[in-house]
Each structure stands twice: as C-alpha cells, then as structure tokens.
Amino acid sequence: MTLFQVVETSFILLALWTSVEAIRRLFSHSLSHIPGPRLAALTWWYEFYYDAVQSGQYVFKIQELHKQYGPIIRITPDEVHINDVGYLDTIYAPSMTRLDKYDYQLRTLRVPGGVGTTADYYLHRIRREALPPFFSKRNVLWLESVITEKVNQLCGLIAKHAATETPVNLSDAFYGFSNYVVNNFLFAHQTDVLADEQEAARLRHNSHELLKGINMNKHFPWIPDILEALPQLLTRPTMPPGLIDMLELFDRVRAELITIITRISSNTSGEKESINTGAKGSVYESVLDSPNLPASEKALLRLEQEGALLTLAGTESPAQTLNIIFYHLLANPSLLTKLREELATLPTLSTWTQLEQLPYLSAIIEEGNRLSFGVTARTARIQHTPITYTPSAITTLSAHTAESVFPDPYAFLPERWLGDEGRERRKFQLTFSRGGRKCLGIELARAELYLVTAALVRKFDLVLWETDERDVSFEHDYHVAMPRDGSRGVRVVARIRGGLALSRDRLTTK
C-alpha cells in the first residue's frame with residue numbers, strides 16, 4: 001500500500017468515525033433530549049470559541065442560552081447547566097453524598113494534587129480530612145493577632161500616601177495583605193509582599209495574566225504536558241511571568257516541606273506535638289505527621305500543588321471581595337455613612353468576634369462576597385445514582401443574579417441581607433461553594449474582610465481616583481471574575497480622618 005493510500009484510508013476512517021460520533025451525540029446520546037444549541041451538543045469547539053476566542057465569555061453566553069432554551073440546557077456534548085437556584089441543594093449536596101467533580105473542568109489549573117482540584121469523591125475526603133482542624137474558627141481566632149498586625153501595616157501604607165497626597169492602588173495593597181496572611185497561616189516562610197507596593201503590583205498583574213490563559217489548558221491539555229516534559233532550561237525563557245512566580249512558589253513550598261520532613265525524621269523521642277497551628281511551624285508540619293494520610297498523599301509534588309493552590313485561592317478571593325466592597329462604599333456615600341454610624345457603637349479596637357455582631361457590616365460583607373462571585377468557572381458535580389452520571393452545574397453568576405432571590409442583581413444593596421429575608425437569602429450564597437466541597441478557608445477570609453473593612457472605614461476618608469465600576473465588574477471568566485481588559489484596579493486618594501482635607505491641585509502620581 002502506498003503512502004497516498006494510507007493517508008486516504010486514514011482520512012476515510014476518520015470521516016466515518018466523525019460522522020458516527022456526530023449522529024450519536026445528536027440523536028442517541030443520553031442528553032440528546034435536553035434542549036440547547038445543536039453545535040454545543042455536537043462539539044466542544046463551541047465552548048472553546050467563547051472560552052478562548054471571545055476571552056472568557058461562555059459563562060455569559062450560557063445565561064443568554066437559558067433565555068432561549070429554558071432553565072435546563074445542554075452546554076457541551078456531556079454537560080448540563082441548570083438556571084434554577086432551587087436546584088442548588090441537589091447539585092451541591094451535603095458532604096456524605098458521593099459527588100465527583102468533572103475532571104474535564106479541572107484541567108484548567110493543572111494542580112491535581114490540590115484538595116479543590118481532586119475529582120474523585122473518596123480521594124477528596126482523605127485529603128480534606130487532614131486540613132479542617134487548621135481552618136477552623138478556633139484556629140483563625142488564634143491567628144487574629146497576626147491579621148491585626150497586617151491590618152495595621154496596611155493602614156500605615158495608606159497613611160503614607162495620605163501624607164504625601166498621592167493615590168494608592170487598593171487592589172495591589174489588598175493583594176499584598178491577603179497574600180501575607182495566607183502564607184503565614186499555611187507555611188513557615190513569610191513573604192511580606194505588602195512591604196513592597198511594586199512587588200505586590202507585579203505579582204497581582206502576573207497572576208491575572210496567567211489566569212487569562214487557563215482556559216487553553218482545558219481545551220489543549222497536551223500543550224502544557226509537552227512543555228512540562230521539557231527541561232526548564234529550554235522552556236523558562238518563554239514562560240509567562242505568572243508561571244515563573246508559580247514555579248518559585250513551588251520551590252519555596254518544597255524547601256519548607258523538606259525542612260519539616262527532616263525535623264520529623266530527627267524526632268526520636270516519639271512524642272507528638274499539639275496539632276494546634278499555634279504550636280506548629282506551619283499547617284503542613286502536622287499534615288506530614290498525620291497518621292490518617294497514606295504515604296502517597298504525603299509526596300512532595302502532591303503537597304506542593306496543594307500548597308500553591310491554597311495560597312492562590314487564599315490571596316485572590318479576599319482581595320477581590322475587598323475591591324468590590326470599597327468601590328461600592330466609596331461610590332455610594334450613604335452606605336458609608338450608615339456603616340460608620342454602626343461602627344461607632346463599638347470600641348475603636350474591636351475584635352473580629354465583636355464586628356461579626358454588627359448586622360449592617362455583615363450585610364456589606366455578604367453583598368461583597370455575592371458580587372465577587374467566588375469561583376466563576378463551572379464546577380460541575382457528577383451524581384452517582386441509578387438515574388444519571390451527567391456532569392451538572394449552576395454557576396455562581398447564575399445563582400447570584402437570580403432575580404427571584406436577588407432583585408436588581410447587579411446593584412450593591414447590603415439591605416437585602418438584613419432581617420429574616422436576609423437570613424433566608426444566605427442559603428443561595430455560593431461564593432464559597434457548598435456541601436462536601438465547601439471552601440476550607442471561609443473563616444480565614446471572613447476574619448480578613450471584617451477587620452480590614454472596619455479599620456479602613458474608621459481611619460480614612462477615601463475618594464475614588466481614576467476608577468469606575470468596570471474596574472470591579474465581572475466581564476471575563478478566567479476561573480475567577482475579571483474586570484475589563486486594561487483595568488489597573490481600585491485606586492483612591494486618602495485622608496486620615498480628622499486630618500486636613502487634601503488639596504486636589506497638589507495631587508501627584510508616583
């Protein structure tokens with residue numbers, strides 16, 4: 001057989017297979033009765049177009065498709081999306097219900113060792129059970145003095161800009177703040193990004209640029225597979241800066257883990273230390289010493305990936321919510337006035353526990369979480385029942401903009417969280433997910449949000465500077481909500497409360 005005949009035969013077989021598979025997906029697939037665009041049922045290229053070519057727009061396209069096809073639609077050959085918040089408890093069921101994640105969607109982050117990126121239900125339980133003691137409210141309360149110390153440093157940074165009458169980029173400052181807190185909590189090393197504004201700006205920018213490319217990982221996983229197989233000596237010069245930052249984070253985590261392993265191995269006394277994080281150099285010191293984790297789950301690569309993922313999530317999530325909160329407080333002075341009146345009922349040096357008792361502050365934080373949207377990517381669940389094994393999802397965009405629950409959904413309205421109706425709405429809050437896959441770091445994030453919001457509102461008069469709503473609005477889905485391209489974040493000019501008003505004529509940029 002000639003080469004031409006081989007190519008011709010291969011082409012015919014490929015065309016035949018494509019035709020048969022297309023017929024199967026459209027007419028005999030288990031989802032063929034679910035409404036939706038035929039092209040989405042036929043091929044993943046439909047999703048790719050809105051993910052990659054249209055830059056993170058598929059989450060918004062799905063909302064449009066619901067208007068055309070109804071509340072349950074087929075959005076890829078194998079996946080269903082549901083636009084009904086009443087179905088949240090079915091998809092994101094309690095922890096004892098077996099729900100696997102859809103591994104196709106987990107390709108984006110490329111850290112399979114992380115708790116949040118573990119597809120299998122049983123493996124996830126093993127990994128997760130080693131961590132909750134350290135993310136408990138009790139341990140976060142123990143850490144409150146560390147958070148308060150960094151809040152004071154954040155206030156000092158803003159005060160410096162107030163004294164020199166120069167703008168401050170709150171987005172960079174919040175990123176540096178939350179990065180320090182999560183690093184201090186997870187690891188022995190403490191990278192004080194907040195001490196260097198330029199470094200905080202660089203890391204935030206690089207992280208966001210890296211996230212902009214993650215949708216390509218989902219559709220073409222073989223590209224990063226090839227690149228990772230090559231020596232870094234060849235690939236590093238072509239890597240985006242955000243990926244280099246990630247590799248450096250892996251290196252720091254690996255070095256710490258090796259130190260911990262050496263220390264545990266040298267402990268010949270046989271005595272076990274307290275598992276409280278206050279008695280340990282880091283969370284992972286106790287994880288490595290945990291008798292409940294098999295040896296395979298203590299492998300360096302697995303723990304590196306988990307540590308990196310927790311660091312990125314613990315940095316991005318609270319920083320994004322603080323951006324949302326402060327933009328809307330400054331854009332709506334009446335909200336700020338009401339919050340200050342409530343804060344005046346507590347001592348100036350209030351604890352997190354005291355601040356949590358303030359209903360209006362709590363409502364502002366709930367609304368900030370709602371409009372930050374948490375993980376915006378689809379996080380489908382696969383139910384193991386006799387009926388179906390179909391990946392099904394409700395995006396946070398769909399849940400948080402359901403007008404039946406949140407009238408005027410894109411408006412920042414803290415009042416919607418007050419009273420009995422507000423308490424009822426909390427069951428539709430999906431920022432930290434829910435069920436057995438609920439975010440581990442909820443309490444840590446809440447402590448940061450309460451302490452930072454109260455401190456900055458009490459100590460400063462802030463005015464938005466060259467910032468508008470598109471600097472915080474959800475315009476692109478890159479696993480998290482991203483604002484318009486080219487946004488430089490939330491920037492403000494500051495005055496220490498009780499001090500002299502700023503002269504706008506003297507305002508300069510640095």
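Start with the cavities: this predicted model holds 2 of them at 30 Å³ or more.

**Stop 1: the largest cavity.** Select Leu157, Asn169, Asp172, Ala173, Val193, Leu194, Asp196, Glu197 and Ala200, and you have the lining of the largest cavity. The space inside comes to about 40 Å³. Colour α10 (170-186) and α11 (197-211) too, as these are the elements that give two or more residues to that lining. Colour the lining by class and you get 5 nonpolar, 1 polar and 3 charged residues.

**Stop 2: the second largest cavity.** Now pick Phe326, Leu330, Leu336, Arg340, Leu456, Val457, Phe460 and Leu462, which line the second largest cavity. About 30 Å³ of space sits in there. Four elements are worth showing as cartoon here: α17 (300-331), α18 (333-343), α23 (442-459) and β7 (460-464). Each of them supplies at least two residues of the lining. By class, this lining has 7 nonpolar residues, 1 charged and no polar ones.

**Stop 3: Cys439.** Stay with α23 and step back into the loop between α22 (419-425) and α23 (442-459), where cysteine 439 sits. An unreviewed UniProt entry puts a "binding site" annotation on Cys439. Is cysteine 439 buried or partly exposed? Its relative accessibility is 34%, so it counts as partly exposed. Show Arg128 and Phe432 as sticks as well: cysteine 439 touches both, leaving aside residues up to four places away in sequence.

**Stop 4: two positive phi angles.** Most residues other than glycine have a negative phi, so the next two selections deserve a look at the backbone. In the loop between α22 and α23, go to serine 433. Its phi is positive, about 60°, although serine 433 is not a glycine. Then jump to glutamate 165, in the loop between α9 (144-164) and β4 (168-169). Glutamate 165 also carries a positive phi, near 55°. Switch on the surface there: at 11% relative accessible area, glutamate 165 is buried.

**Stop 5: confidence colouring.** Finally, colour by pLDDT. The protein averages 88, and 92% of the residues score at least 70. Which stretches should you flag? Select residues 272-280, where pLDDT stays under 50. The model still has 20 contacts for this stretch beyond four places in sequence. Then select residues 500-510, also below 50, with 22 contacts in the model beyond near neighbours in sequence.

Key. Residues are numbered from 1 along each chain as its sequence is written. This is a predicted model: local features need pLDDT of at least 70, side-chain atom pairs count only at pLDDT 80 or more; totals for chains, interfaces and linings use all residues. Side-chain values use heavy atoms; hydrogens and water are left out. UniProt positions are given in the numbering used here, feature names are shortened, and annotations may be inferred rather than shown by experiment. Buried means under 20% relative accessible area, exposed over 50%, partly exposed in between (1.4 Å probe, protein chains only). Contact means heavy atoms within 4.5 Å. pLDDT is the predictor's confidence in each residue, from 0 to 100. On a 1 Å grid over the protein atoms alone, a cavity is a set of points where a 1.4 Å probe fits but cannot get out, and a pocket is an open set with protein on both sides within 12 Å along at least five of seven lines; lining residues have an atom within 4 Å of a point. Grid points are joined across faces, edges and corners, and a volume is the space filled by probe spheres set on the points. Ala, Val, Leu, Ile, Met, Phe, Trp, Tyr, Cys and Pro count as nonpolar, Asp, Glu, Lys and Arg as charged, and the others, Gly among them, as polar.
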